[in-house]
Amino acid sequence: MCRQVFGFRLAMIALATPTALVNANDGLPTRLVGAAVVVTFMTSYVLFRDWERFGPLLLRHPSLLAADTLFGALLLIAAGHDSTLAYVSVCTPLLAGLVYGWRGAAVFASLQALLLLLIHAAQENPAPGIAESALLPGLCVIAGAVGSSLRNLMLRFGAATQALTTVQARLAVTEAVSAERARLAREMHDSVAKTLHGVALAADSLTGSAGADRMDPALIRQQAALVARSARRAAAESRELLADLRRESDPTQATDVLVELAARTRDFSTRTGLPAVYRPTGAHAVPPVPPAVARQLLTIASEAMENAHRHAHPTRVDVSAGVHGDLLRISVYDDGRGLPPGTTLEQLRRAGHFGLVGMVERAASVGARIRIGRGGHPQGTEVRVELPLAALTTPTA
């Protein structure tokens, strides 16, 4: 706003300079008026162009504005009180109010009004009415009040903006922490926590077998081997989780989702004994997927297979993936007993069943749409995830 004040001053000085030079007497008065024009115009131009650089200097030294006011008075004396240069005088108290507050506005408004009254009185033919003589001094007082009010409004607006920025930053940090906690909870639930629960169950069985009256060495060896395998699997899942979390920070390491999904399907079938078949679909190749997105998609598919094995008692699991139109579609279908009628995510959350809840949250985190239900099948459950291919495009610099 201060820059705009100096821009107005430049325009008024340019318009009034010819009149001021014509009205000045020959010789020294003309040279003084010319010098005043040059100094006032250049000062206004410098402050207009580089206010951020020279504005603090004017803020620290009010005497500079007082000197500028005196140079302006020389021009006003030469040009006359009825010239366009007279309106430049209004800029001084306005600028003082913006820069120095109400005290500065009062001082410079009084000084400018006094100069205007003296110049008016010194004219050969001053205006006879009081209204004409007091018009510009009154405008100077009003301009000083306006400048001071605008300064207070801008300071309050700046304080409100800073407070709002602080609140937004705190909310962003809180949301980021909450999102990270939810993400880590999903990762632990879908990998290590389940395996450790299996280890605990196997260890309980081993304890019961070892404490029986008639121990079966073959059964104990089998249960001990199951505990060892489960523990090794928990360790492997922990390493895989850490490796994936580190890999997510490097978006250049893209993942072939189809290859990974086929490998996880084979591993699931071998580990559980439940027939699981993977087949690619779609007419187009699947583009490389960023690690962070691939992890969410693959975890959803793995969780769907695990849920089918634990809860649905199916005879088979069919996994498919491919590009359909502008969507990457992944489907996991089991022919089990399906979800109970009327099941909602809120009910599952209250009951402590976070598998389906975690799948929905994972899909939402990457901008995918997930459907859980029968789909087009007469029975069972299908988990279908559809991700727009546009989400896989990484913008380049």
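Biologist: Which residue's side chain is joined to that of Glu-386 by a polar contact of 2.6 Å?

Modeller: Good place to start. The model is predicted, and in it the 2.6 Å polar contact runs from Glu-386 to the side chain of Arg-369. A second arginine takes part too, since the side chain of Glu-386 also makes a polar contact with that of Arg-329, at 3.0 Å.

Biologist: Is Glu-386 buried or exposed?

Modeller: Glu-386 has a relative accessible area of 5%. The cut-off for buried is under 20%, so Glu-386 is buried. The residue belongs to strand β5, which covers residues 381-388.

Biologist: What does Glu-386 touch, apart from residues up to four places away in sequence?

Modeller: Its contacts are Leu-327, Leu-328, Arg-329, Ala-368 and Arg-369. You will recognise both arginines from the polar contacts: Arg-329 and Arg-369.

Biologist: How should I read a salt bridge, and which residue forms one with Glu-386?

Modeller: The general idea is simple: side chains of opposite charge can pair when their charged atoms come close. In this model Arg-369 forms a salt bridge with Glu-386, and the closest N and O atoms are 2.6 Å apart. Arg-369 lies in strand β4 (residues 369-373) and Glu-386 in strand β5, so this pair ties together parts that are 17 residues apart in sequence. Unlike the buried Glu-386, Arg-369 is partly exposed, at 44% relative accessibility.

Biologist: How many salt bridges does the count come to?

Modeller: The count is nine salt bridges. Some are linked: Asp-267, Arg-271, Glu-303, Glu-306 and Arg-310 form a network of them.

Biologist: Let's look inside that network. Which residues form salt bridges with Glu-306?

Modeller: One is Arg-271, with the closest N and O atoms 2.5 Å apart. Glu-306 sits in helix α10 (residues 291-312) and Arg-271 in helix α9 (residues 257-272), so the bridge ties together parts that are 35 residues apart in sequence. Another is Arg-310, where the closest N and O atoms are 3.7 Å apart. Here both residues are in helix α10, four residues apart, which means a separation of about one helical turn.

Biologist: And how accessible are Glu-306, Arg-271 and Arg-310?

Modeller: Glu-306 is buried, with a relative accessible area of 15%. Arg-271 is partly exposed at 36%, and Arg-310 is partly exposed at 34%.

Biologist: Now the helices themselves. How do α9 and α10 pack?

Modeller: Two packed helices are described by the angle between their axes and the distance between the axes. For α9 and α10 the angle is about 25 degrees and the axes are 10 Å apart. That angle makes α9 roughly parallel to α10, and their crossing is right-handed. Residues making the contact include Leu-261, Phe-268 and Arg-271 of α9, and Leu-298, Met-305 and Glu-306 of α10. Notice that Arg-271 and Glu-306, the salt-bridge partners, are both part of this contact.

Biologist: One last stop, in helix α7. Is Val-199 buried or exposed?

Modeller: Val-199, found in helix α7 (residues 192-210), counts as buried at 16% relative accessibility. Setting aside neighbours within four places in sequence, Val-199 is in contact with Val-227, Ser-230 and Ala-231.

Biologist: How far apart are the C-alpha atoms of Val-199 and Arg-229?

Modeller: They are separated by 8.7 Å, with the two residues 30 residues apart along the chain.

Terms used. Residues numbered from 1 in each chain as written. Predicted model: local features only at pLDDT ≥ 70, side-chain atom pairs only at ≥ 80, totals over all residues. Heavy atoms only, no water. Helix = DSSP H or I, 4+ residues; strand = E, 2+ residues; numbered from the N terminus. Buried < 20%, exposed > 50% of the residue type's maximum accessible area, 1.4 Å probe, protein only. Polar contact = N/O pair within 3.5 Å; in protein donor to acceptor, adjacent residues only side chain to side chain. Contact = heavy atoms within 4.5 Å. Salt bridge = Lys/Arg side-chain N within 4 Å of Asp/Glu carboxyl O. Axes fitted to C-alpha atoms, helices over the stretch in contact; angles between N-to-C directions. Parallel < 35°, antiparallel > 145°, perpendicular 65-115°, else oblique. Left-handed = near helix turned anticlockwise from the far one by under 90°.
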